[in-house]
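Student: I have a protein model open and no idea how to start reading it. Could you walk me through some features?

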Amino acid sequence: MLITLHKSAELAHVRSELVALGLWVEVLYGEAGIVHLRVLPHSRQVAAETVLGVNGVADVACARSPHPLLDEQDASLRIAGVEFGEAPVLIAGPCAVESPEQIAKVAARVARAGGSFLRGGAFKPRSSPYSFQGHGAEALAWMREAADEHGLRVVTEAPSVESVAAVAEAAELIQIGSRNMHNQALLAAAGSAGRPVLLKRGMAATVEEWLAAAEACLLHGAPSVILCERGVRGFDPRTRNLLDVGAIALLSEVYGLPVIADPSHGCGRRDLVGPLAGAALAAGAAGLILETHDAAGEALSDGPQALSPVELEELAGRLGFVARGIGPRAALSG
Ligand code: PEP
Ligand code: MN
């Protein structure tokens with residue numbers, strides 16, 4: 001935003017009014033004694049009309065937002081009957097769907113912990129091509145059945161353009177993984193499937209790059225996008241990633257966007273998932289993704305960061321998620 005002052009304006013006065021609005025400015029002296037103020041990026045989001053109302057301001061020019069569709073998206077969303085942006089939403093499940101028995105067992109515990117969505121990778125894009133790559137389409141069917149049995153929605157990753165149709169058919173929410181946040185062809189395919197998208201932050205993506213990727217999903221037809229902070233690459237291997245709690249606060253407080261946190265991938269260790277989950281909610285997260293496994297020691301992927309079902313229930317209770325009884329198709333509203 002570029003603010004132009006009236007020639008008669010008192011710079012100190014205008015500046016203090018702007019600071020009171022949460023705007024920090026750089027003073028630029030133009031031709032013929034005209035003073036412009038450039039609003040700095042760490043300012044609050046303030047409407048141009050409000051700035052125009054400040055005594056001494058002659059004009060306000062705003063660059064077009066690089067993500068107009070995202071700006072229009074409401075902070076509160078309803079996806080398959082689940083409200084995001086009101087009470088926090090719990091998404092939980094294993095890193096990978098390993099067998100029908102495993103996903104059924106975990107689904108029961110996710111429902112009991114107050115979960116709304118069952119997560120689990122059917123297609124697993126792994127950093128190593130020698131690691132377990134997922135059971136594919138079969139696993140989607142196992143997960144769908146387990147979720148339906150317990151009144152849960154499904155979120156699962158589509159790692160390739162070819163996988164989008166199968167994922168959109170089996171899941172209410174299409175996950176785009178961190179390794180794929182910059183994959184424009186995949187963002188377009190996921191958007192055009194017409195399902196809401198859960199967009200994980202690229203592990204080295206800036207917030208602006210992340211928002212641009214969200215915009216691409218909306219532009220190609222996604223009805224809504226939920227952003228997921230899952231940690232960025234840090235310099236210290238003692239934690240797997242650095243959960244960027246500041247980005248959660250920025251997106252939810254400043255941009256008014258629904259952002260959920262994945263503390264499991266954020267730290268990579270089960271003992272830190274609880275504290276980081278609490279921190280993410282305190283920063284404004286609209287929900288959590290918590291990896292949960294019924295036998296983490298034998299997990300085919302991400303065992304060290306998986307909570308046991310008992311730990312999930314205990315943590316969810318502590319964070320205020322309301323447990324629902326186990327039961328066939330325990331109804332979620334809507
Ligand atoms: C996952 O959710 O299991 C996953 C692979 O996450 P990410 O894309 O954040 O690494
Ligand atoms: Mn995982």
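Tutor: Let's start with a term: a polar contact is a pair of N or O atoms within 3.5 Å. Here, a polar side-chain atom of lysine 124 lies 2.9 Å from an oxygen atom of ligand 1. Keep in mind that this is a predicted model.

Student: Which part of serine 178 comes 2.8 Å from an oxygen atom of ligand 1?

Tutor: For serine 178, the partner is a backbone N or O atom. Glutamate 291 uses an N or O atom in its side chain instead, 3.3 Å from an oxygen atom of ligand 1. As for how covered the ligand is, the protein buries 97% of the 300 Å² that ligand 1 exposes when taken alone.

Student: Which residues are around ligand 1?

Tutor: Look for Cys95, Arg119, Lys124, Glu157, Gln175 and Gly177 among them. The list also includes Ser178, Arg179, Lys200, Arg230, His265 and Glu291.

Student: Now the metal. Which residues coordinate the manganese ion (ligand 2)?

Tutor: To read a metal site, find the donors, meaning N, O and S atoms within 2.8 Å of a metal like this one. The manganese ion (ligand 2) has Cys95 (SG), His265 (NE2), Glu291 (OE) and Asp302 (OD), at 2.0 to 2.4 Å. Along the chain, these donors follow the spacing C-x169-H-x25-E-x10-D. Take cysteine 95 and glutamate 291: they link distant parts of the chain, 196 residues apart. Cysteine 95 is in the loop between β7 (89–93) and α4 (100–112), while glutamate 291 is in strand β14 (residues 287–291). Both cysteine 95 and glutamate 291 are buried.

Student: Where is glutamine 305, and is glutamine 305 buried or exposed?

Tutor: The cut-off first: buried means under 20% relative accessible area. Glutamine 305 counts as buried because its relative accessible area is 2%. You'll find glutamine 305 in the loop between β14 and α12 (309–318). Its side chain makes a polar contact of 3.3 Å with the side chain of histidine 265. Leaving out residues up to four places away in sequence, glutamine 305 touches several residues, including Arg240, Ser264, Arg270 and Glu291.

Student: What about leucine 243: where does that residue sit?

Tutor: Leucine 243 belongs to the loop between β12 (225–229) and α9 (245–254). A loop residue can be buried too, and leucine 243 is, at a relative accessible area of 13%. Beyond residues up to four places away in sequence, leucine 243 touches Glu229, Arg230 and Leu276, among others. Try the distance tool as well: leucine 243 and valine 232 are eleven residues apart in sequence and 6.4 Å apart in space, C-alpha to C-alpha.

Student: How far apart in space are tryptophan 24 and proline 263?

Tutor: Tryptophan 24 and proline 263 are 32 Å apart, C-alpha to C-alpha, with their positions 239 residues apart in sequence. Tryptophan 24 lies in the loop between α1 (11–21) and β2. Its relative accessibility is 42%, so tryptophan 24 counts as partly exposed.

Student: Which residues of helix α11 are buried?

Tutor: In helix α11 (residues 270–282), look at Val273, Gly274, Ala277, Ala280 and Leu281. Their cover includes α9, β13 (259–261), α10 (263–267), β14 and α12. Just after α11 comes glycine 284, with a positive phi of about 115°.

Student: Which sign does phi have at alanine 32?

Tutor: Alanine 32 has a positive phi of about 55°, although it is not a glycine. Alanine 32 is in the loop between β2 (25–29) and β3 (35–39), and is exposed, with a relative accessible area of 60%. Alanine 80 also takes a positive phi, of about 50°. Its place is the loop between β5 (77–79) and β6 (82–84), and alanine 80 is partly exposed at 33%.

Student: What is the mean pLDDT of the protein chain?

Tutor: The mean pLDDT is 94, and 97% of the residues reach 70 or more. Over residues 325–334, though, the pLDDT is below 50. Where pLDDT is low, the predicted coordinates should not be read in detail.

Note on methods: Residues numbered from 1 in each chain as written. Chains lettered and ligands numbered in written order. Predicted model: local features only at pLDDT ≥ 70, side-chain atom pairs only at ≥ 80, totals over all residues. Heavy atoms only, no water. Donors = N, O, S within 2.8 Å, 3.2 Å for Na, K, Ca; no water. Helix = DSSP H or I, 4+ residues; strand = E, 2+ residues; numbered from the N terminus. Buried < 20%, exposed > 50% of the residue type's maximum accessible area, 1.4 Å probe, protein only. Polar contact = N/O pair within 3.5 Å; in protein donor to acceptor, adjacent residues only side chain to side chain. Contact = heavy atoms within 4.5 Å. Near = heavy atom within 4 Å. Areas by Shrake-Rupley, 256 points an atom, 1.4 Å probe, with all protein chains shown as cover. pLDDT = per-residue confidence, 0-100.
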